[in-house]
Amino acid sequence: MEINFEVTKEDYIKFNLYHVENSPSQKKNFILLRYLVPVLFSIPIYFIGTNLFKQPSVYWAIVAVLFSVIWIITYPKQYRALVKKETEKLISEGDNSEIFGQKNMIIDDEAVIIHHKSSSERILKNAIKDVKVYDDIIIIYLSSITAIIIPTRYLDKDLVDDFIKKVSNI
């Protein structure tokens, strides 16, 4: 099987977003930040407000609860925006020409071979740790932090299924 595809900066950003959303350690960080931050900040808001401004404690309790609710509701969108911004910053820091651009992938019985304009890479199928399929990209994990990104815009539905079977060695 042979597939020609192009990886763009947008594909790489999507990969990072998917990876962060599905990584067990990143999920743990996300949950801690989403729920622990409002609790930690709500307590000082309440005590500083009631002691410093001499307002009724009910008023500051409402303010603390509102802060918590707004944070919990808006944090996922803020988190995605932060990951996207940081990924864009990393992309712009150096020469990433090997990540992006036109690629040719050949899948045979024992390996996946990827040709790029200045390099070729041969990956044995038994080195593939996992294959994740999303609406717009397929991610072939070689380790927990190394992956091959294949945009699905170059594959129709039948080809996606066949591709996954060949790559996964099912």
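Angles under 35 degrees count as roughly parallel, over 145 as roughly antiparallel, 65 to 115 as roughly perpendicular, and the rest as oblique. That scale will come in handy for the helices below. What you have here is a predicted model, where local features need pLDDT of at least 70, side-chain atom pairs count only at pLDDT 80 or more, and totals for chains, interfaces and linings use all residues. Residues are numbered from 1 along each chain as its sequence is written, and side-chain values use heavy atoms, with hydrogens and water left out.

**Helices**

Helices here are DSSP runs of H or I with at least four residues, and strands are E runs of at least two, both numbered from the N terminus. Two packed helices are described by the angle between their axes and the distance between the axes. The axes are lines fitted to C-alpha atoms, for helices over the stretch in contact, and angles run from 0 to 180 degrees between N-to-C directions.

| Helix pair | Angle | Axis distance |
|---|---|---|
| H1 (residues 9–22) and H3 (residues 57–92) | about 130° | 10 Å |
| H2 and H3 | about 160° | 8 Å |

The first row makes H1 oblique to H3. H2 and H3, on the other hand, are roughly antiparallel to each other. As for handedness, a crossing is left-handed if the near helix is turned anticlockwise from the far one by less than a right angle, and right-handed if clockwise. H1 passes H3 in a right-handed crossing, and H2 passes H3 in a right-handed crossing too.

Phe-41 sits in H2, which covers residues 24–52. Together with Leu-32, Leu-36 and Leu-40, Phe-41 makes a nonpolar surface patch of about 390 Å². To get into a patch, a residue needs over 30% relative accessible area and no salt bridge; nonpolar side chains (Val, Leu, Ile, Met, Phe, Trp, Tyr) are joined within 5 Å, and like charges within 9 Å. The areas come from the Shrake-Rupley method with a 1.4 Å probe, and for residues, only the protein chains shown count as cover.

**The four-stranded sheet**

Strands pair if DSSP finds at least two bridges between them. One open sheet has four strands in the order S1-S2-S3-S4, with antiparallel pairing. S1 (2–7) and S4 (119–124) stand at the edges with a single partner strand each, so one side of each has no neighbour in the sheet. From one strand to the next, the twist averages 20°.

S1 is joined to S2 (residues 101–107) by six bridges, and the two run antiparallel. Val-7 has Gly-101 in S2 as its bridge partner. Six bridges also join S3 (residues 111–116) to S4, again antiparallel. There, His-115 stands opposite Ser-120 in S4, and a hairpin connects S3 to S4 through two residues.

**The three-stranded sheet**

Another open sheet has three strands in the order S5-S6-S7, with antiparallel pairing. Its edge strands are S5 (130–133) and S7, each pairing on one side only. The twist here averages 15° from one strand to the next. S6 (residues 137–141) and S7 run antiparallel, joined by five bridges, and Ile-137 stands opposite Pro-151 in S7.

**Salt bridges**

Side chains of opposite charge can pair when their charged atoms come close. A salt bridge here means a side-chain nitrogen of Lys or Arg within 4 Å of a carboxyl oxygen of Asp or Glu. By this rule the count comes to six. One that's worth finding on screen joins the side chains of Asp-11 and Arg-153, at 2.6 Å from N to O. This pair links distant parts of the chain, 142 residues apart: Asp-11 is in H1, while Arg-153 is in the loop between S7 (147–151) and H4 (157–168).
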